[in-house]
Amino acid sequence: MSLEFPAILAIDDQPANLIALEAALKDCGYNLISACSGPEGLVRLHQHEFAAILLDVQMPIMDGFDCARIIRARGVDTPIIFLTAIHANESYAVRGYEAGAVDYLFKPLNADILRAKLAVFVDLFRKKKEIERQTSLLRESADRKYRDLVEGIRNGIVWTWPANNECLEYVSASAAGISGIANEVWLGEKNFILNNSHPDDREMVAQALAKLEETHEDVELEHRLVRPDHTLLWLHTTIRLANGSNGPEFRGLSVDITRLKVTEQSLRDMILIRDDFLSIASHELKTPLTPLQLQIEGFQRLSRRGDFRDVPTETLNRMLEVSAAQVDILARLVDQLLDVSRIKSGRLILQRAPTDLSQLVRKMIDVYHVAMERIPVEIDLPETLIGSWDGVRLEQIVGNLLGNAIKYGRKKPIKVQLKKLETTVELSVSDQGIGIPANAFDRIFHRFERAVSPNHYSGLGLGLFISQQIAQLHGGSIKVKSSVGAGSTFTLTLPLQSAHQ
Ligand code: ADP
């Protein structure tokens, strides 16, 4: 179709008439295409777009009226000018107009009138084409704007899915990056969204689409897609039903909320840990309170009777010892909690000073001798081993390792060994107790983490966490070797720094 040389279709069974038309329109700048019959004219209509049709009324095989009716029936609305030799009476004209004519020209043709009429239709045709061009430009630019907008969405996937089609029609470029699945797969795979949903979410997605088709009300849902690497992509999807170019279509915006969901889950886990911790902590803090309370009540009874003198000194000493031990336990628990908050806020600061680690270990074994009463301990220590360490904090580590060896050691022999290596020192505490499963080796050094049931062993799950932090502040570490049922060895390694450092 050329707007410069618009095409005119002339249908006439008389070659002479066609030649006359050609002569009349010679200088008008039209592309005149001739057909000798109605059927031939219909074929030409398939091949070109015409600005106007000049159609002879009286033709054998198919007259002009029938031909015009077929043209209109095919949805072609090109203006038809009937050419007729018969002077039209009213009913004749009505028949023509009913068949789709827009004008009549009478033979013999007046060339000026023919040109003038055609000029009007060609002008109309050009204007119509210009409007169509502008409309399509506008639509294209609106489409482009819309696509640009959509393609700019980084954390969301925009998609359209014709309701009568098995495949998506469009998916925004962000899809591949977010889902790890190529856009071609999004578009090529049948029922992509349902197929790639987490099996537990498929039913929910299908129901949401069915509800949308039924009610035409937008639906919103949170669901999971399974990525090719089997990780889950959490999406918050809003879907609406709209009229697409080929019927109703689902239009979806799926926003990646995976990070949010992971955070939500870890917050939920943390709340669980906190609740567990609170119940363990209250239990642990309460445990020493009961014997302490009993001792205090004993003292109160004696004091009320006013006869402390009758009570043997050993009994009084025993009562005081038990009370002091409970206060010690309470103080240690509270200290552990305070240390955790110091570590969290970076307030645990070492006070380094020349420290004899051999002497320190001996002292701690003495401190624990009551608890170790019936447990044989093998000790292998150098005479002295001095380094620049925080003695009070190292006592805490040694106390924790010894305490655990006693608590989890099933009363079997314990071995404590201190070695000086080239640039480091190694202190190991071994027991032959319950042992630790290999999958808990890392975990037990984390806050509140325990590898035993609180019903069997008391503790807050903080000792190793605090000890590891202290070791690391010294530039060292604590490692564990263990097998379940055979015992554990915890080894503290510290850089050997000279006393003057
Ligand atoms: P707590 O002893 O208060 O639970 P810790 O941080 O000292 O806290 O220890 C964490 C966990 O490591 C313990 O709950 C226990 O499961 C495990 N554990 C530590 N020492 C030993 C050991 N010598 N033998 C077996 N398990 C141990």
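Select Gln-468 and show what surrounds it: leaving out residues up to four places away in sequence, Gln-468 touches Phe-445, Ser-477 and Ile-478, where contact means heavy atoms within 4.5 Å. Gln-468 is buried, with a relative accessible area of 9%; buried stands for under 20% relative accessible area, found with a 1.4 Å probe on protein chains only. This is a predicted model, in which local features need pLDDT of at least 70 and side-chain atom pairs count only at pLDDT 80 or more, while totals for chains, interfaces and linings use all residues. Residues are numbered from 1 along each chain as its sequence is written, and side-chain values use heavy atoms, with hydrogens and water left out.

Next, colour helix 14 (residues 463–473), in which Gln-468 is found; helices here are DSSP runs of H or I with at least four residues, numbered from the N terminus. Add helix 13 (residues 391–408), and look at where Arg-393, Gln-396, Ile-397, Asn-400, Leu-401 and Asn-404 of helix 13 meet residues of helix 14, among them Leu-464, Ile-466 and Ile-470.

Now select the largest nonpolar core, which has 46 residues, and in which Leu-357, Val-361, Ile-397, Leu-402, Ile-414 and Phe-490 are those with the most contacts inside it; such a core is a set of buried Ala, Val, Leu, Ile, Met, Phe, Trp, Tyr and Cys residues joined through side-chain atoms within 4.5 Å. Helix 13 gives the largest share of this core, seven residues.

Finish at Phe-490, which, leaving aside its neighbours within four places in sequence, is in contact with residues including Leu-401, Phe-445, Leu-464 and Ile-478.

Note on methods:
Buried < 20%, exposed > 50% of the residue type's maximum accessible area, 1.4 Å probe, protein only. Helix = DSSP H or I, 4+ residues; strand = E, 2+ residues; numbered from the N terminus. Axes fitted to C-alpha atoms, helices over the stretch in contact; angles between N-to-C directions.
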